[in-house]
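User: Please take a close look at the nonpolar interior of this protein and set it out in one connected account. I should also like the backbone features outside that interior to be covered.

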Amino acid sequence: MEALDLARWQFALTTIYHFFFVPLTLGLSILVAIMQTFWHNTDKPVYKRMARFWGKLFLINFALGVVTGIVLEFQFGMNWSEYSRFMGDIFGAPLAIEALLAFFLESTFLGVWIFGWDRLPRRIHTASIWAVAIGANISAFWILVANSFMQQPVGYTLNEAANRVEMTDFFALITNSNVLVQFPHVFTSGITTGAFFVLGISAWHLLRKRGDAEQLNFFKQSFGMAAVYGIIGIVLVIMVGHTQAQHMVETQPMKMAAAEGLFDSEDPAGLSLITVGDWEQRSEVFSIRIPGALSFLAYNKFDGEVKGIHDLQAEYEQEYGEGENYIPPVALTYWSFRAMVGAGFLMLGLAGLSLYFAARKQGNVAKWLLRVMPFAIGLPYIANTFGWIMTEVGRQPWIVFGLQRTEDAVSPNVTAGMVALTLVGFSVVYISLIVVDVYLLAKFAKQGPDSDDAEAVAEPATVTA
């Protein structure tokens, strides 16, 4: 393999690994803040125990996620120096704001929240966990501002002499129409991830019926709250995803064509249920499609042309230069799209059933669903991971759409041996960290709300004269 191929593998590994932690941080921080707000408003100790227990699992996930994020940023300088030089004027501003504003807000108030239990006024302490949740999601927004420029460049001028892009309109950068559809999708994906995390662990405890009645009630209430949170999250994910798909048809039609295995333009266009293609020859071998459904996905009506790969390749050759291949890896883009959508609709069904059982009079959940939900914790991770793969792979061969190709972005002074060595090193570190992460999450999740929490939430003794 050449240095370019290894650098791409390394960045893919780092990005996917980092994104294991991000959605849970986004979604679980809000859910913990909601639980603590319930305690603040109702004064019921069970909500305080919920905030402490689920907050402890949030902290483990947050700490390991920060470590992987730092490594991700180092790679821009190590393996992608040409990209950094070309994009530095654009990329630097949102990343700096993310670090100086959002991450500091998140980290500072996280410390206040951790050490402020029973030391700060309840209102201020509750406000601190909301500051953490807001900071985490603002942080995601700035990261997506940077990524959206790679998907849809705006607010810039190309300095051809220096061969770099320079920012001309910061407001255009932060109101990029791509970020306006991408951020809500990531935000609601985080809600769904947090909900399924709580649903799965709560189901595990309810199935085994360990602990006293108070503990079972604790997990029953956690399950019910997460069911409501989850159905809101997954419905919004699907609705926002539909809007994002329409935006993709408008701005990156090649990505949609690859995601649908659509080689020739169609009007009306059918949505692929299954397509077997000769990916090398760029032709369809076998396909089952829902007539008009892809046109509906693109335009909210059952007719309208959706362009295929062949026509788009011809258009791109006219616009960006002949003799180049502008087609992304079709098979990977196609199956990533299906993995994301399939996991999403499976989550919709499970969240709906969870809400149905949680809303019944006794709130008892069917045993078969309790057995399924711990495994369903993995569904948001499948959807999140393959969603990112489709987003990034479907943009190829561009690293910055229409401006810089991926092969032109790699560092010119790194060798394949250098990248291979660091790839092995990162892989060892990541495997070690994921083992630690899973061990710690499993350990504390199985323990349930421990005795320290129970003592901490005990009602203060009444002082009498």
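Analyst: The account below begins with the whole chain, turns to the interior and ends with the backbone.

The model is a predicted one. It contains 15 helices and six strands. Its C-alpha atoms fill a box of roughly 90 × 50 × 40 Å along the principal axes. The radius of gyration is 24 Å, which agrees with the value near 23 Å that a compact globule of 465 residues would have. Of the 465 residues, 51% are buried. Among contacts between residues at least 6 apart in sequence, 78% join residues at least 24 apart. The accessible surface comes to about 21000 Å², and carbon and sulfur atoms account for 65% of that area.

The interior itself can now be considered. In soluble globular proteins, nonpolar side chains tend to be buried together. The largest nonpolar core here has 74 residues, and the members that touch the most others are Leu28, Met50, Trp54, Leu57, Phe197, Phe223 and Met373. Helix 7, residues 213-251, gives the most to this core, with 13 residues. A second, separate core has 36 residues, including Ala7, Phe76, Phe86 and Ile399.

Tryptophan 54 deserves particular attention. Leaving aside neighbours within four places in sequence, tryptophan 54 is in contact with Leu28, Val32, Met35, Phe197, Val198, Ile201, Ser202, Phe218, Phe219 and Ser222. Two of these partners, Leu28 and Phe197, are themselves listed with tryptophan 54 among the core members that touch the most others.

Met373, another of those core members, leads to helix 12. In this helix, which spans residues 367-376, Leu369, Leu370, Met373 and Ala376 are buried. These four residues lie on the same side of helix 12, because they cover an arc of only 120 degrees around the axis. An α-helix has 3.6 residues a turn, so residues three or four places apart point the same way. The cover over the buried residues of helix 12 includes helix 6 (177-208), helix 7, helix 11 (330-359) and helix 13.

Outside these helices, strand 3 and strand 4 (residues 283-290) pair in the antiparallel sense over seven bridges. Glycine 277 has glutamate 284, in strand 4, as its bridge partner. The two strands form a hairpin with four residues between them, and arginine 282 in the turn has a positive phi of about 55 degrees.

Most residues other than glycine have a negative phi, and most peptide bonds are trans. Two loop aspartates depart from the usual sign of phi. Aspartate 43 has a phi near 65 degrees and lies in the loop between helix 1 (3-42) and helix 2 (45-78). At 38% relative accessibility, aspartate 43 is partly exposed. Aspartate 118 also has a phi near 65 degrees; its loop runs between helix 3 (81-115) and helix 4 (122-151). With a relative accessible area of 56%, aspartate 118 is exposed.

Cis peptide bonds complete the account. The bond from aspartate 267 to proline 268 is cis, with omega near -5 degrees, and proline 268 is found in the loop between helix 8 (253-259) and strand 3 (271-278). The bond from glutamine 396 to proline 397 is likewise cis, with omega near 15 degrees. Proline 397 belongs to the loop between helix 13 (378-393) and strand 5 (398-400).

How values were computed:
Residues numbered from 1 in each chain as written. Predicted model: local features only at pLDDT ≥ 70, side-chain atom pairs only at ≥ 80, totals over all residues. Heavy atoms only, no water. Buried < 20%, exposed > 50% of the residue type's maximum accessible area, 1.4 Å probe, protein only. Core = buried A, V, L, I, M, F, W, Y, C linked by side-chain atoms within 4.5 Å. Contact = heavy atoms within 4.5 Å. Arc of directions from axis to C-beta. Rg over C-alpha atoms; globule rule 2.2 N^0.38 Å. Areas by Shrake-Rupley, 256 points an atom, 1.4 Å probe, with all protein chains shown as cover. Pairing = 2+ DSSP bridges.
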